[in-house]
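Hi,

Here is the structure I promised to pass on. Have a look at it first, and then read on for what turned up.

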Amino acid sequence: MSIALFLKEFAADPRATGSVAPSSSALAKEILRGLPLDSSQTVLEYGCGTGAFTSEIMDAISGSCQFLGIESNLSFIRQLRSKFPNVSIHHGSVADVRSICDQYDIGEVDCIVSGLPWAVFPHEAQVKYLKEMMRVLKPGGQFVTFGVLTGLLFPASYLFARMLPDYFSEVSRSPIVWRNIPPAYIYRCRR
Ligand SMILES: C[S@@+](CC[C@H](N)C(=O)[O-])C[C@H]1O[C@@H](n2cnc3c(N)ncnc32)[C@H](O)[C@@H]1O
């Protein structure tokens, strides 16, 4: 079960897992709201976990869209592959997104949906992942990600927010999504 697996992985590596529970379907719906998934040719998901966003993305993209999920935790990868046998999920780090995309013949990407726990990453990792993202996200492409209210206890969450305008021409933050544990907010960014 997704919740039990999350708890186990959080206990084993809180910094990489970033949450004790998978995102709610309310957050999944909200993070995708307004993204042009039905007209996108290529979509990436960063940090799929147990697939809370993956299933919503699958419902929203067209049959011709190329989707690739990238997840670094092997236990989550095993569950994702059994839940979504026909979906491409890569076991690796988004730090290598350019070379990962090369392996799948992906050039530019229209949308990136992220579940990464940015607030618990060291600032160097935040910078590295955003710089690497710029090597795949097309001009005008969109990046959405979320933070949780408890993450605001970590200075890295402010460093991350402050950095976004350096990489994106448009950045907005949503109202709180209360129907999530913990409550969350979304950053919507356009390159
Ligand atoms: C907070 S969980 C979110 C999972 C899922 N998207 C959700 O909302 O329920 C963060 C996920 O990011 C993954 N992750 C952390 N660092 C990563 C990295 N560098 N590359 C790929 N995935 C990573 C973790 O293993 C975990 O599955």
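The largest nonpolar core has 41 residues, and Val43, Ile112 and Val113 are the ones that touch the most other members. Quite a few elements feed into this core with at least two residues each: helices H3 (25–32), H6 (97–103) and H7 (123–133), plus strands E1 (42–46), E2, E4 (109–114), E5 (137–148) and E7 (184–190). E5 gives the largest share, with five residues. Before you lean on any of this, keep in mind that the model is predicted.

Val43 is a good place to start looking. Leaving aside neighbours within four places in sequence, Val43 is in contact with Leu37, Ile57, Ile61, Cys65, Phe67, Asp110, Cys111 and Val113. Val43 sits on E1, where Val43 and Glu45 point one way, while Thr42, Leu44 and Tyr46 point the other way. Both sets are buried. Five of the five residues of E1 are buried, so the strand is largely enclosed by the rest of the structure.

E1 also pairs with E2, in the parallel sense and over five bridges. If you want one position to click on there, Leu44 has Leu68 in E2 as its bridge partner.

E5 tells a similar story. Nine of its 12 residues are buried, so E5 too is largely enclosed by the rest of the structure. E4 and E5 run parallel and are joined by four bridges. Cys111, which is among the contacts of Val43, has Gln142 in E5 as its bridge partner.

Now the protein as a whole. It has eight helices and seven strands. Its radius of gyration is 15 Å, close to the 16 Å that the globule rule gives for 191 residues, so the protein is as compact as a globular protein of that length. The C-alpha trace spans about 40 × 40 × 30 Å along its principal axes. Buried residues make up 39% of the 191. Of the contacts with a separation of 6 or more, 68% are between residues 24 or more positions apart.

Next, the ligand. There are 23 residues around the ligand, and Pro22, Ser23, Gly47, Gly49 and Gly115 come nearest. By type, the shell divides into 12 nonpolar residues, 10 polar ones and one charged. Helix H2 (14–17) and strand E2 (66–71) each supply at least two residues of the shell. E2 therefore turns up in two places, since the core also takes at least two residues from E2.

Pro22 deserves its own look, as one of the residues that come nearest to the ligand. You'll find Pro22 in the loop between H2 and H3. Is Pro22 buried or exposed? Pro22 counts as buried, because it has 22 C-beta neighbours inside 10 Å and the cut-off for buried is 20 or more. Not counting residues within four places in sequence, Pro22 is in contact with Ser2, Ile3, Phe6, Gly49, Thr50 and Ala52. Gly49 in that list is also among the residues that come nearest to the ligand. Pro22 and Trp118 are 96 residues apart along the chain, and their C-alpha atoms are separated by 15 Å.

A few loop residues are worth a look too:

- Gly151 is in the loop between E5 and helix H8 (155–167). With 21 C-beta neighbours inside 10 Å, Gly151 counts as buried. Setting aside residues up to four places away in sequence, Gly151 touches Ala119 and Ser157. Ala119 is 32 residues away along the chain, yet the two C-alpha atoms are separated by 5.6 Å.
- Asp105 lies in the loop between H6 and E4. Asp105 has a positive phi of about 60°, although it is not a glycine. Asp105 counts as exposed, because it has 7 C-beta neighbours inside 10 Å and the cut-off for exposed is 12 or fewer.
- Pro182 is in the loop between strand E6 (170–173) and E7. The peptide bond from Ile181 to Pro182 is cis, with omega near -10°.

Over to you, and happy browsing.

Methods: Residues numbered from 1 in each chain as written. Predicted model: local features only at pLDDT ≥ 70, side-chain atom pairs only at ≥ 80, totals over all residues. Near = placed C-beta within 6 Å. Nonpolar A, V, L, I, M, F, W, Y, C, P; charged D, E, K, R; others polar. Rg over C-alpha atoms; globule rule 2.2 N^0.38 Å. Contact = placed C-beta atoms within 7 Å. Core = buried A, V, L, I, M, F, W, Y, C linked by C-beta atoms within 7 Å. Pairing = 2+ DSSP bridges.
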